[in-house]
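Visitor: Before we turn to particular positions, could you show me the chain and its fold, and then take my questions one at a time?

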Amino acid sequence: MGLGRLPTIEAALSRPSNGFAVTRLALALAVVVSHAFSVTTGHVGDEPLAAATGFTLGEHAVNGFFAISGFLVTMSFARRGWRDYALSRALRIVPGLVVATLIVGLLIGGALTRLDLAAYLQDPGLWRFVSSTVTTFKSNTVLPGVFADNPFRFPMGTVWTLKYEVLCYGGVMVAGLAGLLRSRRFAAGLAAALFVAVLLLDVLLPGAGKGQQTALRLPFLFAAGGALYLWRDRVRLSGLLAAILFGAAILALRSPAYQALLFAAEAYGILWLSLSPVLARPAFDLRHDFSYGTYLYGWPVQQALRQIFPTASAVALLAPSLLLTLGIAALSWFAVERPALALKARALGRRTLRTIEPAAP
């Protein structure tokens, strides 16, 4: 099939269904699968993909999250305006995070701490955990007497990505209010500049730490997703092109170009998959979005299981952790996240609720 006969992103978006919801849930579950190894052993490098690709399955999943988020969040601002956008982002992130932090701190921590419960509740470390998790998205704050013998002590190891997500949300807001989202060239130029920055970091500082690399990687993926949305009438969806991009990254595996090419391939590839005809079916157009809850609760559930069953292997704890996480994520959606989104609908005077909103990674 010639390139001109392939559907554009805009044409794919016009279909009644798409695969964004099921793709996000799959990415969240991939993070849980990935963490099964590090939570059990304490070594991130024990995760099978880490040695082969330089990144864990969880890191690849977060890459996909940020590309999808950039695409959907840019679409949200473009279609709804700044007031709807700001309210949507706040209600999608904050209530679920606050409740998850309190549940982990008070219920899970209270049940598993070595301290007397009264002493635990009065310990300043508990409230330091709550405040630092909710206000600064710190993922390495520990709870007093909780997970003391686990390889990792911190109870909410995934919330650090929310810092980058919120910064990207702010960037979209500033760009939108400045009128820059009406300029497709600006969006493409920003994504290209970040691509070059990722490349130059590997060229100039090949030994750069994960923190420096992440500070460029996640904004690039988000910007790439946003640019693909703004160029939706021009960019065509091609499985062959996705395969070529991944092939180029594999060929560049030992070169400084590897990471930049890999991230570009993942940004395009995850959007191609989410909009592919295979997933553009009602069966995959999920009415309920458990991805955010899965992402938030996966780590503390795995940490709790590791403390209760300290000798169990990663494989033995994987199925229970997935089932428990999905169950709690469902409760989070129905009891916290969905009602929060309903508040937005009422605040804006709407009669209907869009239940599938871009969720944070």
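Visitor: Is H288 buried, partly exposed or exposed?
Guide: This is a predicted model, and the relative accessible area computed for H288 in it is 26%. Because buried means under 20% and exposed means over 50%, a value of 26% puts H288 between the two cut-offs, and H288 therefore counts as partly exposed.

Visitor: Where along the chain does H288 lie, and which residue does its side chain join in a polar contact?
Guide: H288 lies in the loop between α12 and α13, the latter covering residues 291-308. The C-alpha atoms of H288 and A330 are separated by 8.4 Å, although these two residues are 42 residues apart along the chain. As for the side chain of H288, a polar contact of 3.2 Å joins it to that of W333.

Visitor: Which residues are in contact with H35, if its neighbours within four places in sequence are left aside?
Guide: H35 lies in helix α2, which runs over residues 20-41. With 16% relative accessibility, H35 falls under the 20% cut-off and so counts as buried. Once the neighbours within four places in sequence are left aside, the residues in contact with H35 are T158, W299 and Q302.

Visitor: Why are the buried residues of α9 on the same side of the helix, and how wide is the arc they cover?
Guide: Helix α9, residues 184-204, reaches 30 Å from its first C-alpha to its last, close to the 30 Å expected for its 21 residues at 1.5 Å a residue. The buried residues in α9 are A187, A191, L194, V198, L201 and D202. They lie on the same side of α9 because the arc they cover around the axis is only 100°.

Visitor: What covers that buried side of α9, and which exposed residues does the face turned away from it carry?
Guide: The cover over the buried residues of α9 includes α10, residues 210-230, and α12, residues 258-274. On the face of α9 turned away from its buried side, the exposed residues are R185 and L204.

Visitor: F137 and F147 are not glycines, yet each has a positive phi, so what are the relative accessibilities of the two?
Guide: F137 has a phi of about 55°, and F147 has a phi of about 60°. F137 is found in the loop between α7, residues 124-136, and α8, residues 160-177, and F147 also has its place in the loop between α7 and α8. Both count as buried, F137 at a relative accessibility of 15% and F147 at 0%.

How values were computed:
Residues are numbered from 1 along each chain as its sequence is written. This is a predicted model: local features need pLDDT of at least 70, side-chain atom pairs count only at pLDDT 80 or more; totals for chains, interfaces and linings use all residues. Side-chain values use heavy atoms; hydrogens and water are left out. Helices (H or I, at least four residues) and strands (E, at least two) are DSSP runs, numbered from the N terminus. Buried means under 20% relative accessible area, exposed over 50%, partly exposed in between (1.4 Å probe, protein chains only). Contact means heavy atoms within 4.5 Å. The expected span of a helix is 1.5 Å times one less than its number of residues. The arc is that of the directions from the helix axis to the C-beta atoms. A polar contact is a pair of N or O atoms within 3.5 Å; within protein, one must be able to donate a hydrogen and the other to accept it, and residues adjacent in sequence count only if both atoms are side-chain atoms.
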